[in-house]
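Here are some notes for a colleague opening this model for the first time. Please read them with the structure in view.

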Amino acid sequence: MSSGNNIKAQAQARFGQYAQGYVTSERHAKGDELDQLLDLAQPQPDWWVLDVATGGGHTALLFASQVARVVAADLTPVMLQAARSFIDGVETSNLDYVATDAENLAFAAHKFDLVTCRIAPHHFPDCFRFVQECARVLKPGGRLLIQDHVLPDDAQAARYIDSFQRLRDPSHHRAFARYEWQGMFLDAGLTVEYSDTFFKTMKLLPWSERQGCTPEVIERLQILLAQAPQAAAEWLNPQCVGTADTTFEQDYILIMGRK
């Protein structure tokens, strides 16, 4: 099995195990950026939308009331079923569910007006291939709208932060700096129309417990925060390290490109 397939299998296993936690996660279900997604995309009533790595289905549900059809896609069947159970409880009828690989989307070219992906690409073994696939399935003039972890330009700090994330969730592959995201969009033939970053303050304990971290792993996460090099510490901004109230900052990028 290739390393990429190993990463995908690991992601399937972990997100199958913790699927319900992502349905109920406030970080995924709520946030000002959800409203911002609508403001940026300006969805139209006749649009078809694809939500890649739909997770708990929150982004798919967000757009379902605005457009003709939404396809919620995910690699992990258990996660897809959890999203379906959540969404079906809200009684929407214009959603389809498809199990598919983000790097090999099971759709024809030029099918969607909008593709979204929120807080997931850091799990993909080949993120550029994912962006290329999104560009392929977009109609001319269609938009790709992504929210994900973002890293500092400093390579050493970026790798330290990736290691911190990977300790909590071994299916975390890597995140990217803002300039890397912009480069992937441009190389896939997408014109970047919006790019901005923001952060959220994360409470270490619920963040780590959502991935089933043991007390030993949580202690190691505390140590990584306490011993972070200056550039990484400035990015993470850890507070109350070594206590039950430990927090750190998780930075995100929100980027939109047009085909």
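1. First, a term. Helices and strands here are DSSP runs, with at least four residues for a helix and at least two for a strand, numbered from the N terminus. On that basis the protein has 12 helices and 8 strands. Keep in mind that this is a predicted model.

2. Overall figures come next. The protein has 259 residues, and 54% of them count as buried. Its accessible surface is about 11,200 Å². Carbon and sulfur atoms hold 50% of that surface. Among contacts with a separation of 6 or more, 75% join residues 24 or more positions apart.

3. Now the interior. The largest nonpolar core has 31 residues. Those with the most contacts inside it are L50, V52, V115, F130, V131, L144 and W181. Two or more core residues come from each of β1 (48-52), β2 (69-74), β4 (112-118), α7 (127-137), β5 (138-151), α9 (178-187) and β8 (247-258). Helix α7 gives the most, with 6 residues.

4. V52 is a good place to look inside this core. Which residues does V52 touch, leaving out those up to four places away in sequence? They are A73, A102, L105, V115, T116, C117 and F130. Two of these names, V115 and F130, also appear among the core residues with the most contacts.

5. Turn to the aromatic rings. The count comes to 8 aromatic pairs. One of them joins F164 and F248 in an edge-to-face arrangement. Their centres are 5.2 Å apart, and the planes meet at 85 degrees. F164 sits in helix α8 (residues 155-168) and F248 in strand β8, so the pair ties together parts that are 84 residues apart in sequence.

6. Are F164 and F248 buried or exposed? F164 has 0% relative accessibility, so F164 counts as buried. F248 has 1% and counts as buried too. Both rings belong to one aromatic cluster with W207.

7. Last, the cysteines. How many disulfides does the structure hold? The number is 0. Take C134 as a case. The closest cysteine sulfur to the sulfur of C134 is in C117, 6.7 Å away, which is too far for a bond. A disulfide would need the two sulfur atoms within 2.5 Å. C134 is buried, at 0% relative accessibility. C213 is buried as well, with a relative accessible area of 12%. C117, for its part, is one of the residues that V52 touches.

Key: Residues numbered from 1 in each chain as written. Predicted model: local features only at pLDDT ≥ 70, side-chain atom pairs only at ≥ 80, totals over all residues. Heavy atoms only, no water. Core = buried A, V, L, I, M, F, W, Y, C linked by side-chain atoms within 4.5 Å. Buried < 20%, exposed > 50% of the residue type's maximum accessible area, 1.4 Å probe, protein only. Contact = heavy atoms within 4.5 Å. Phe/Tyr/Trp six-rings, centres within 6.5 Å; stacked < 30°, edge-to-face > 60°. Areas by Shrake-Rupley, 256 points an atom, 1.4 Å probe, with all protein chains shown as cover.
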